[in-house]
Amino acid sequence: MSTDTSAEEIAVREVAAEQAFVDRVHAQLTASQEQAAELAKEGRGRGQLGHEGGLVERDAMLYQAAKRIAQLDAAAEGLVFGRLDLSTEIDPEPRYVGRIGLRDENRDSLLIDWRAPAAAVFYQATAADPHGVVRRRVLRSKATTVLGVEDELINAEDPRAQELPIVGEGALMAQLSRARDRRMHSIVATIQAEQDKAIRAPGKGVTSISGGPGVGKTVVALHRAAYLLYNDRRRYETGGVLIVGPSGVFMRYIERVLPSLGETAIALRSLGEVVDGVKASRHDEPAFADVKGSARMAEVLRRAARQAVPGAPREFRIFYRDNVLLLDNRILGQLRRQMLSQGRRNKQIPRVASTLLDALWRQVKSERGKERGRQAFQDDMLDNHDFLEFAADWWPPLEARSVLEWLRDADFLARVSDGILSHDEQALLLKSWSVADDLSIEDVPLLDELRYAIGDVPLKTDEDSGFGDFVGSDIQELSTVGERDLRSARAWTPPTHRIEDDPFAHVLIDECQDLTPMQWRMVGRRGRTASWTIVGDPAQSSWPIRAEADAARAEALAGKDLHEFHLSTNYRNSSEIYAYAAAYAARVGLDADLPTAVRSTGVEPVQMRVDDLETGVRAEVVRLAAEVEGTVGIVVPAARRTEVERWLASWPEVAAEAPNAATGRDTSGDRIVVLTGLDTKGLEFDGIVVARPQEIEDEASTGRATLYVVLTRATQLLSVVS
């Protein structure tokens, strides 16, 4: 290489060379997209063949074509991001790494999928162990245009090192310095070695990823999900991958990461959306949440599901051929307990008619009553409207939401929580349900607990419906007719979301340290036969009783091998911001995991006291918005959120970049937003203004941990206004 060539000229030349390759790859991508479109067209043609086989072929071809088109479209942005130059003895040709794998027209490898074994050395090579890599290059692109390259010389002792130009100052630091927007982005080009180990961990059992703020736990876990899908697509696409995060704000923040890696077969749900068909976005006050989250609620709900239906008839009397037949409250209680001992409540619906008729037939004593036999008695009863009406009212199909409503009655709640919850705790529950009709995030696990306690209504009567202990076609006919007539006696539609549809092949839980025992029970049901990835930092926990949550977590993960990974480098915060947050953690006694922040800006956090809160917050928001290119978060106590949102909308300097009142609180497109401390979980902003930190501390018993989280959300600038 000529020493007369300037660094700038070398960079221009190298970018041009990489652009030529990227153009070639995008041409192949276009060809692949056209092939997928042709497959879809052919599939639609198969549907015109006029026979069932053609329809099956059509559906299969359209499914495969749609999946491939979605994968190709999602991967187009930043498609090629890496290049490896290896020792000549290993491979004289460069290897290019991208979001997906592509082959050229001769079926030779053109681009290696980042998850493939051949790409692993892109992340694992170090100067101490180069794995045959001489130079690692990261391509920075926008759409199809290469903006620049960043090189790292891995093995300076290799003879090729003298031939290869080195451009840039390091891809990782360039990535860390960029402005944030309202979406998390893939780190696929800058994954570090300790992160790569967690991503490529064994697929079975539980992979635990821990570490302090800013170490990349969330984005590493998401890349792990993409890696698992690549390695065992049939298993994970068939069984499904469930990703659970703390809030809707967080889920919108991460929703583009996996599609950008070519993966769309993922269920993304916040804790208020884990149960199919349910969506809750409101948090209860901490005192209410502490009671609802406790493991003791499981027994309260189990008892509730076994109670007689409030308002159900307590007696049935009928005259039958010289006999007065009576089902009083005592007998009905015995029958209810007998049926519940045989399985979940709704599963017993096919038994209702036969159980009641057994009890009535035992009371038939007269010769006139017995002379026509059991079959005639059954036929008469099943033709009797009063009997069918009684049975339908006594044992109706139940939905979990209805049973949860029963707990709003003080007497009912006192009965089922006797010896479990104190009078004060019962009063908190009643108050929580009196202030709002909609479900809170903390109500959703209670609803799920009841779903499993009462079970699904059988979709049909068959050999597995619980009639195997009866003998004779007459009884089988009784059961079938009885179930049909009981259902028709009341207008009722079975829920479309059933327990059997809940399990997944892989469950990923982010911010797992915040899960209450009841939430662990809820997500545990989705992963009983699954592999798991759990991500968290105990010091950031918002659940006050760690031992109780640990026990629930152990139960959810019981019997699974554990693979633990700890991340130790803070890539998010400047060292100045993290030093401020770490000092706070030490001052208030948090047992915090303190990672090493690798980036310095020279700008210290600002801490100020003001006479007028709005004036002080406004000045800092305007200042931060002018100094950073990316997002600015205003973090406030929950009780002040609405007030501060009104302030923000009225400030002309920044109103255009703030949420529009007409759009509600989906602030995913806004540069400046107002959030509570809990809302900031997992998020990051270029600048953060914290208003009234003491009130954030005082909101809950875990308020100090919440404020610590808030102080670690900023990448560039932090202001604390008291």
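**Close-up views of a predicted model**

**View 1. Five strands line up in an open sheet with the order 17-21-20-18-19, and their pairing is parallel.** This is a predicted model, so let's begin by finding the two ends of that row. Strand 17 (606-608) and strand 19 (672-676) stand at the edges, and because each has a single partner strand, one side of each is left without a neighbour in the sheet. From one strand to the next, the twist averages 20°.

**View 2. Here we zoom in on strand 18 and strand 20, which pair in the parallel sense.** Strand 18 covers residues 632-636 and strand 20 covers residues 685-691, with four bridges between the two. To follow one of the links, start at Val635: its bridge partner in strand 20 is Val690.

**View 3. Two helices, helix 24 and helix 25, lie across strands of the sheet.** Which strands does helix 24 lie across? Helix 24 (residues 575-588) lies across strand 17 and strand 21 (714-721), and runs at about 45° to strand 21. Helix 25 (residues 613-627) lies across strand 17, strand 18, strand 19, strand 20 and strand 21, and its angle to strand 21 is about 165°.

**View 4. Now we visit Asp104, a residue in the loop between strand 3 (102-103) and strand 4 (109-113).** Is Asp104 buried or exposed? Its relative accessibility is 9%, and because buried means under 20%, Asp104 counts as buried. Look around Asp104 for the residues it touches: leaving aside those up to four places away in sequence, they are Arg24, Gln28 and Leu110.

Definitions and conventions:
Residues numbered from 1 in each chain as written. Predicted model: local features only at pLDDT ≥ 70, side-chain atom pairs only at ≥ 80, totals over all residues. Heavy atoms only, no water. Pairing = 2+ DSSP bridges. Axes fitted to C-alpha atoms, helices over the stretch in contact; angles between N-to-C directions. Contact = heavy atoms within 4.5 Å. Buried < 20%, exposed > 50% of the residue type's maximum accessible area, 1.4 Å probe, protein only.
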